[in-house]
Amino acid sequence: MPELLQFLFSGLTVGAVYALVALGFTIIYNASDVVNFAQGEFVMLGGMITVFAHAAGLPLLLAAGIAIAATAVIGVALNKLAIEPARGAPVVSLIIITIGASIFLRGVASLVFDKQIHRFPAFSGDAPFRIGGATILPQSLWVIAGGVAVFIALWLFFTRTLTGKAVLATSNNRLAAQLVGINTNWVMTLSFALSAAIGALAGVLATPITNTSYDVGIALALKGFAAAMLGGMGNPKGALVGGILLGILEALTAGYLSSQYKDAAAFIVILLVLFIMPQGLFGARQTERV
Amino acid sequence: MLEVSGLTSRYGRIEVLHGIDLAVRSGEIVTVVGANGAGKTTLLRCISGTQPVAGGEIRFRGDDITALPAYRRIGRGITQSPEGRQIFTNLSVEENLRLGAFVHGDARVDRDLEDAFQMFPILREKRNLNAGGLSGGQQQMLAIARALMGRPSCLLLDEPSMGLAPILVQQIFDVISTLKSRDVTVLLIEQNAFGALKIADRGYVMETGRITMDGAADELIADPRIREAYLGI
């Protein structure tokens with residue numbers, strides 16, 4: 001039993017990171033139907049900028065704040081320089097642009113920073129808590145709390161605020177959004193800034209556990225994408241549940257079978273779910289009449 | 001109130017509006033009628049700012065708004081119910097209406113919402129349902145109500161009768177003719193020339209990107225050329 005609990009704890013931790021990446025996907029997807037594959041690079045930038053700002057002598061909290069703000073600026077630049085000029089292009093072209101941006105950001109990071117593996121100290125020390133015979137790191141609690149906090153904030157944003165509705169309206173019908181007075185370019189800028197900031201926050205929270213380097217983004221983007229698909233793209237609830245399910249699946253497979261099979265097992269379950277529910281667990285069923 | 005002069009617009013290299021002159025005075029219902037492909041929708045999109053203007057000028061209440069982005073024309077008092085309704089199918093009826101008042105973040109929005117529900121009671125019944133599930137007629141009512149939520153002084157309506165059953169067409173035209181008492185000036189684009197001219201004060205006839213006739217609505221209805229070409233009488 002303590003064994004199972006231990007697997008669940010580690011699955012929950014990894015799952016919360018996936019959930020944060022998936023939540024980052026949610027906003028840009030909701031605003032534009034674009035799946036932003038540079039989302040993983042935002043996580044990498046969050047971790048790496050914090051590492052180097054902290055190494056330069058800044059307090060950890062300040063370094064993390066700078067990393068999140070700088071990544072948000074990079075997200076806005078990505079929108080202004082790469083996505084906005086291609087406005088009107090099919091969504092698939094825009095997604096390919098984000099893949100290109102992801103390769104570009106990774107390359108720049110390897111030059112500006114380095115190719116080493118880095119970490120910075122955990123926020124509340126490394127002494128694990130013991131619960132029911134299993135242990136959990138204080139940093140894991142930070143990651144889980146971060147995932148839940150971002151989920152609640154996003155859920156409130158999309159269901160309770162007019163700005164959140166404006167984001168949803170922009171993706172549903174850009175023409176109509178302009179006709180009710182929504183500045184759709186501004187909505188896109190806001191979405192990229194928020195998505196990038198959430199990605200960076202994930203990097204800041206996870207780095208003390210997972211370490212970081214210039215090339216961690218691609219794997220995280222794929223896992224976060226899988227989590228978002230599993231839960232239902234565009235739905236914050238789906239991103240959270242999908243992320244945590246994926247993390248737990250991996251941890252259980254790694255624990256009871258072999259860590260070599262963990263990715264395969266996770267993706268098999270995702271495929272099965274999508275066969276039965278193509279919209280994902282919480283995806284909106286399309287109802288449209290004309 | 002609204003003056004369009006020498007307006008041209010193009011899709012790529014093809015010019016589709018060849019110098020349109022049109023004026024709408026405050027309090028009027030003005031209609032632009034014409035066949036499919038005459039450029040009516042393009043004209044309306046130029047006025048709402050969602051189609052680039054190649055030449056000419058659009059003035060609203062004396063100000064040149066030709067280069068003003070679409071989202072900033074709402075605050076000036078121009079709102080549009082677009083062709084094909086273009087409602088937000090992923091949001092509820094009430095959310096659609098509240099977004100119609102996106103630029104007005106004040107207490108009057110609740111009162112306007114109540115007004116909209118009084119004008120279209122069916123929307124109150126369905127207020128919490130997904131707008132994508134409404135019937136065509138209900139979606140058209142929602143599109144008009146959403147445009148009214150923006151508190152227009154000048155409302156642009158693009159083919160509100162398109163694809164609707166005759167009884168609904170009549171209902172929509174009835175609503176449009178009541179807008180006058182609310183101080184809303186209306187520019188109505190219609191293929192249903194007869195229905196539109198019946199409620200309008202003045203009319204323009206558009207053919208292949210040009211205005212070919214204009215005049216008082218009752219005169220146009222009586223004109224033999226119009227009767228033959230558009231009214232099928």
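Trainee: How many residues of chain B are in contact with chain A?

Mentor: In this predicted model, 27 residues of chain B contact 19 residues of chain A.

Trainee: Which elements of chain B give two or more residues to that side?

Mentor: Helix H2 (70-76) and helix H3 (93-100) of chain B do so.

Trainee: And how do the residues on the side of chain B that touches chain A divide into nonpolar, polar and charged?

Mentor: On that side of chain B, 13 residues are polar, 11 are nonpolar and 3 are charged.

Trainee: Turning to the sheet in chain B, in what order do the strands run?

Mentor: The order is S6-S7-S8-S3-S9-S10 in chain B, an open sheet of 6 strands with mixed pairing. Strand S6 (78-81) and strand S10 (210-216) of chain B are the edge strands, each pairing on one side only. On average, neighbouring strands of this sheet are turned by 15° against each other, direction ignored.

Trainee: Do take one pair: in which sense do S3 and S8 of chain B pair, parallel or antiparallel?

Mentor: Strand S3 (residues 29-34) and strand S8 (residues 185-190) of chain B are paired in the parallel sense, over 5 bridges. Within S8(B), B:Ile189 is the residue opposite B:Val32.

Trainee: Which strands does helix H1 of chain B lie across?

Mentor: Helix H1 (residues 40-48) of chain B lies across S3, S6, strand S7 (154-158), S8 and strand S9 (202-207) of chain B, and its direction is at about 150° to S7(B).

Trainee: What about helix H6 of chain B?

Mentor: Helix H6 (residues 136-149) of chain B lies across S6 and S7 of chain B, running at about 170° to S6(B).

Definitions and conventions: Residues are numbered from 1 along each chain as its sequence is written. Chains are lettered from A and ligands numbered from 1 in the order in which they are written. This is a predicted model: local features need pLDDT of at least 70, side-chain atom pairs count only at pLDDT 80 or more; totals for chains, interfaces and linings use all residues. Two residues are in contact if their C-beta atoms, placed from the backbone, lie within 7 Å. Helices (H or I, at least four residues) and strands (E, at least two) are DSSP runs, numbered from the N terminus. Ala, Val, Leu, Ile, Met, Phe, Trp, Tyr, Cys and Pro count as nonpolar, Asp, Glu, Lys and Arg as charged, and the others, Gly among them, as polar. Two strands pair if DSSP finds at least two bridges between them. Axes are lines fitted to C-alpha atoms, for helices over the stretch in contact, and angles run from 0 to 180 degrees between N-to-C directions.
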